Number of protein chains: 2
Amino acid sequence: MFALAVTLRDVASRAGVSPIVVSRVLHNKALSIRVAEATAERVRKAAQDLGYVKNVAAVNFRTRQTLTIGILHGLGFDMPTAVGGSRYSEFMLEGIIGGSFRILLNGIIIGAFHHGYSIILCPKLLGQTAEEAMSDGRCDGLVLYNTDHTEANAEILRKCTVPIVLVHSRASYFDCKLPSVICDNHQGIGLAVEHLAKLGHRRVGFVKEARPLNAEMSEREDAFFAQAHAFGLNVDRSDSIDRQDFDTIFSRRYTAVITSHDGVAGFLIPAAEARGIRIPEDLSIVGFDSTSYCNELRPTLTSVRQPLQVLGEHAVDLLVQSIRGELTDPPQLTFPCGFDVRESTSPPAH
Amino acid sequence: MFALAVTLRDVASRAGVSPIVVSRVLHNKALSIRVAEATAERVRKAAQDLGYVKNVAAVNFRTRQTLTIGILHGLGFDMPTAVGGSRYSEFMLEGIIGGSFRILLNGIIIGAFHHGYSIILCPKLLGQTAEEAMSDGRCDGLVLYNTDHTEANAEILRKCTVPIVLVHSRASYFDCKLPSVICDNHQGIGLAVEHLAKLGHRRVGFVKEARPLNAEMSEREDAFFAQAHAFGLNVDRSDSIDRQDFDTIFSRRYTAVITSHDGVAGFLIPAAEARGIRIPEDLSIVGFDSTSYCNELRPTLTSVRQPLQVLGEHAVDLLVQSIRGELTDPPQLTFPCGFDVRESTSPPAH
DNA sequence: GTGAAAGCGCTAACAC
DNA sequence: GTGTTAGCGCTTTCAC
C-alpha cells in the first residue's frame with residue numbers, strides 16, 4: 001500500500017555521507033552552515049534525485065514538538081464528546097457563535113502561520129480522558145475558547161502539562177495561572193450604556209439567558225449595573241431580565257434593553273414584532289459581539305464589537321511565547337471593544 | 001523543561017508485565033480481548049497510578065498514520081504562501097467565501113470527527129515545496145477546496161502520494177483520477193433560469209468576474225447558455241457580461257441577471273443603487289451560493305443554494321474510504337442545489 | 001567539517 | 001495469554 005519512503009539514510013548513501021550530514025543540510029538550518037558547501041550541494045542533489053521527503057511524524061516524535069497548536073472551541077469541556085450529536089456543529093452553523101468563531105479562528109490562523117505553527121482540531125482533545133488527550137503530544141500548546149469556569153474544568157486545566165492560553169476567560173476563574181486574552185466587557189458595556197443615555201434613554205434593562213453561556217455573560221451583566229448610575233440610569237437587580245420574560249421586556253417599562261450577546265437580541269426581535277412592539281421606536285435593543293449576524297437581523301442590530309481577530313492573534317502570540325518558555329509571569333491581556341451603531345437603536349419615542 | 005514522561009515501559013514494570021501487554025490493554029482495543037482480565041486490570045491500575053499518557057507522536061510515527069486530515073483552502077495552490085499577506089485571511093474574513101467555507105468546514109469537521117479523524121490547517125502544506133509537504137506524513141489525507149485547474153496544480157496533484165478528495169473541482173480538470181464532490185452547477189443554474197422565466201423575464205444576462213475565481217464559475221456560465229433557450233430566453237455569448245461593465249448591465253436591456261456567485265451580486269447592488277436602478281423592480285438579481293451574506297444585502301439576495309455541509313461530510317467519507325484503500329474507482333459525487341427566493345427578484349416591471 | 005553510537009516511545013511479527 | 005526481538009526515521013551527543 002505504501003510506496004517505500006526514501007529516508008535520510010538513502011540520501012546519505014547516495015551522496016556518500018552520513019545521515020547526520022543530510023539532516024543538517026536538509027532540516028537543521030542552524031547547523032547547516034557547518035557543512036562544506038560542496039557537500040551540501042551533493043546532498044541536495046541526491047535528495048532531489050531520490051525524491052526525498054522529510055517524515056514529519058518522525059521529526060515530531062524525535063524532537064518532542066509538533067509545531068502545532070490545538071484549538072478547543074466550545075461551551076465547556078463537554079463539547080467534543082457531544083460531537084456527532086452535536087453541539088459543536090450546531091454552534092459552528094449558527095450565525096451567532098459561528099460568525100464570531102470564524103473571525104477569532106482567522107486571527108488564530110494568522111498568528112499561528114506567522115509563527116510557523118499549524119492548527120489542529122481534534123475530536124478527542126477532550127472528553128472522558130481530557131487530562132490525557134490534552135497532554136499527549138499531538139500539539140505543543142492549546143488555545144481555549146469560550147469555556148465554563150466550573151471546578152471540574154479548573155481541575156483539568158491544572159493537570160494539563162501543555163501550555164495553554166485562554167480566550168474569553170480569565171485565569172482567575174479557574175484559580176490558576178494561565179495567560180489569557182479577553183475583551184474589556186466592562187468598557188464595552190459602558191459604550192452601550194453611554195450610547196443609550198446620550199440618545200435620551202432613562203429606563204434601560206439588561207436581558208440575558210437564564211443559563212449564561214459562560215462567565216463573560218455575567219461579567220457583562222455586572223458591568224451594566226456597575227455603570228448604569230454613572231450615566232443617569234436608575235436601575236437595580238430587578239432590571240436584569242430573563243430573555244423568556246416577554247411580559248417584562250415588552251411591558252413598556254423600558255425604552256431600551258442591552259442584551260448579553262447578539263443571540264439574545266436576535267431572539268427578542270421577532271418576539272417584539274409578534275407583539276406589535278416597534279424596534280427601535282418602542283424599544284431600542286443593543287447586542288454584544290457585532291458579528292455579521294447583526295446585519296442579517298431586521299432591523300440591523302446596534303452592537304458592541306469585540307476585537308475578535310486581534311484576540312486570536314494575541315492569543316497565539318502569548319501561546320508561542322509560553323511554549324518557548326519566555327513567559328515568566330502569565331499576563332492577562334485585555335482589549336477594548338468598539339461600538340457599531342445600526343438600526344435597532346434610536347431616541348425613545350416616549 | 002519537560003516533566004519526564006511516563007512510558008509504556010514504566011507502566012509495564014510496575015504491573016509486572018511486558019510493554020506490549022500494556023500497549024494491548026491501553027491502546028489496541030482489537031487485541032485487548034486477548035489479555036486476561038486480571039492482567040488488564042492490573043495494567044490499568046498501574047497506568048492510573050503513574051499518570052501514564054499515551055505519546056501520540058510516537059504512535060503516529062510507528063504506525064505511519066496520524067488519523068489527521070489536512071484541509072487545503074484557497075484560490076489555487078499559491079494561497080498558503082500568501083498567508084501573512086494574506087489572501088487566506090482576507091477570504092476567511094470576507095462574508096462571501098468565509099461564509100461558505102464555514103459551512104463546508106462544519107461538514108468536514110462532522111465527517112472527520114465521526115470517523116475519529118482530526119483536522120489540521122498548516123501554513124506549509126503547500127507553497128514552494130508542495131509535493132513534499134503534501135506527502136510528508138503529517139496527515140493521512142487531504143481535502144482540497146476550491147482550486148484552480150492549472151497545469152502546475154495538476155502536476156502537483158499527480159505527484160502527491162497522500163489520498164486526496166476534491167471539493168468543488170472535478171478530477172477531469174486536473175487530468176487525473178481522484179475522488180471528488182461537487183454541487184450540480186448545471187442543475188443549480190437551471191433553477192435560477194427557471195425561476196426568472198416563470199416570473200416572466202425574457203431578457204436575462206449572466207454577470208461574472210473578468211478573472212473567474214475557479215472552474216466552477218465557467219461551469220455556471222456554460223450552464224446558463226446551455227439552458228436559457230429551453231426556458232424561452234433568447235441569449236447569446238454577448239449576454240455574458242463582466243461585472244465592471246455597468247453600462248451594459250444597467251442599460252435596461254436586461255430585466256434580470258444571474259451572477260456567477262453571491263459576491264458578484266453583492267458588488268452590483270450598491271452600483272445599481274448609485275445609478276437609481278431599483279432592485280428588483282428595474283432589475284432582478286440572482287446569486288449563487290446562498291450563504292448568510294445574502295441576508296446581509298439590501299435587498300436580500302435570491303440565490304442558488306449549494307449543499308455545502310453535505311459536500312463537506314461526503315468529501316471526508318470518500319477520503320476515509322480512500323485512505324483505507326476501499327476506493328477502487330474514484331467516484332465523482334454530484335449533489336443537487338436548492339434555491340432560496342429572497343427579495344432581489346420579482347416579475348419584470350416592463 | 002564529519003561521523004558513530006544511541007535512543008526517542010511505541011508496535012508488528014513472531015515465538016512461546 | 002504473554003514475551004522477545006527488532007526497528008520505524010530521525011536527531012542528540014560527543015568523538016574525531
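1. Start with the make-up of the surface near DNA strand C. In this predicted model, its residues divide into 13 nonpolar, eight polar and four charged. There are 25 residues around DNA strand C. Those that come nearest are A:V17, A:S18, B:T7, B:L8 and B:S23. Look for these five in the structure before moving on.

2. Which elements give two or more residues to the surface near DNA strand C? In chain A they are helix 2 (19-26) and helix 5 (56-63). In chain B they are helix 2 (19-26) and helix 5 (56-63). Helix 5 of chain B has the largest share, with five residues.

3. Now turn to DNA strand D. Here, too, 25 residues lie around the strand. A:T7, A:L8, A:S23, A:N55 and B:V17 come nearest. The surface near DNA strand D holds 13 nonpolar, eight polar and four charged residues.

4. Which helix makes up the largest share of the surface near DNA strand D? Helix 5 of chain A does, with five residues. At least two residues each come from helix 2 and helix 5 of chain A, and from helix 2 and helix 5 of chain B.

5. Next, look at strand 4 of chain B, residues 164-167. Its side chains alternate in direction. B:I164 and B:L166 point one way. B:V165 and B:V167 point the other way. Are these residues buried or exposed? All are buried.

6. Strand 4 of chain B has a partner in strand 3 of chain B, residues 141-145. The two run parallel, and four bridges join them. Use one pair as a landmark: B:L144 has B:L166 of strand 4 as its bridge partner.

7. Strand 4 of chain B also pairs with strand 5 of chain B, residues 180-183. This pairing is in the parallel sense too, over two bridges. Here B:V167 stands opposite B:V181 of strand 5. To recap, B:V167 is one of the buried residues of strand 4.

8. Finish with a helix pair. Two packed helices are described by the angle between their axes and the distance between the axes. Take helix 11 (residues 185-199) and helix 12 (residues 215-227) of chain B. Their axes come within 8 Å and cross at roughly 50°. Why are the two called oblique? An angle of roughly 50° is neither under 35 degrees nor in the range 65 to 115, so helix 11 and helix 12 of chain B are oblique to each other. The crossing of helix 11 past helix 12 is right-handed.

Key: Residues are numbered from 1 along each chain as its sequence is written. Chains are lettered from A and ligands numbered from 1 in the order in which they are written. This is a predicted model: local features need pLDDT of at least 70, side-chain atom pairs count only at pLDDT 80 or more; totals for chains, interfaces and linings use all residues. A residue is near a molecule or strand if its C-beta atom, placed from the backbone, lies within 6 Å of it. Ala, Val, Leu, Ile, Met, Phe, Trp, Tyr, Cys and Pro count as nonpolar, Asp, Glu, Lys and Arg as charged, and the others, Gly among them, as polar. A residue is buried if 20 or more other C-beta atoms lie within 10 Å of its own, exposed if 12 or fewer, and partly exposed in between; C-beta atoms are placed from the backbone. Two strands pair if DSSP finds at least two bridges between them. Axes are lines fitted to C-alpha atoms, for helices over the stretch in contact, and angles run from 0 to 180 degrees between N-to-C directions. Angles under 35 degrees count as roughly parallel, over 145 as roughly antiparallel, 65 to 115 as roughly perpendicular and the rest as oblique. A crossing is left-handed if the near helix is turned anticlockwise from the far one by less than a right angle, and right-handed if clockwise.
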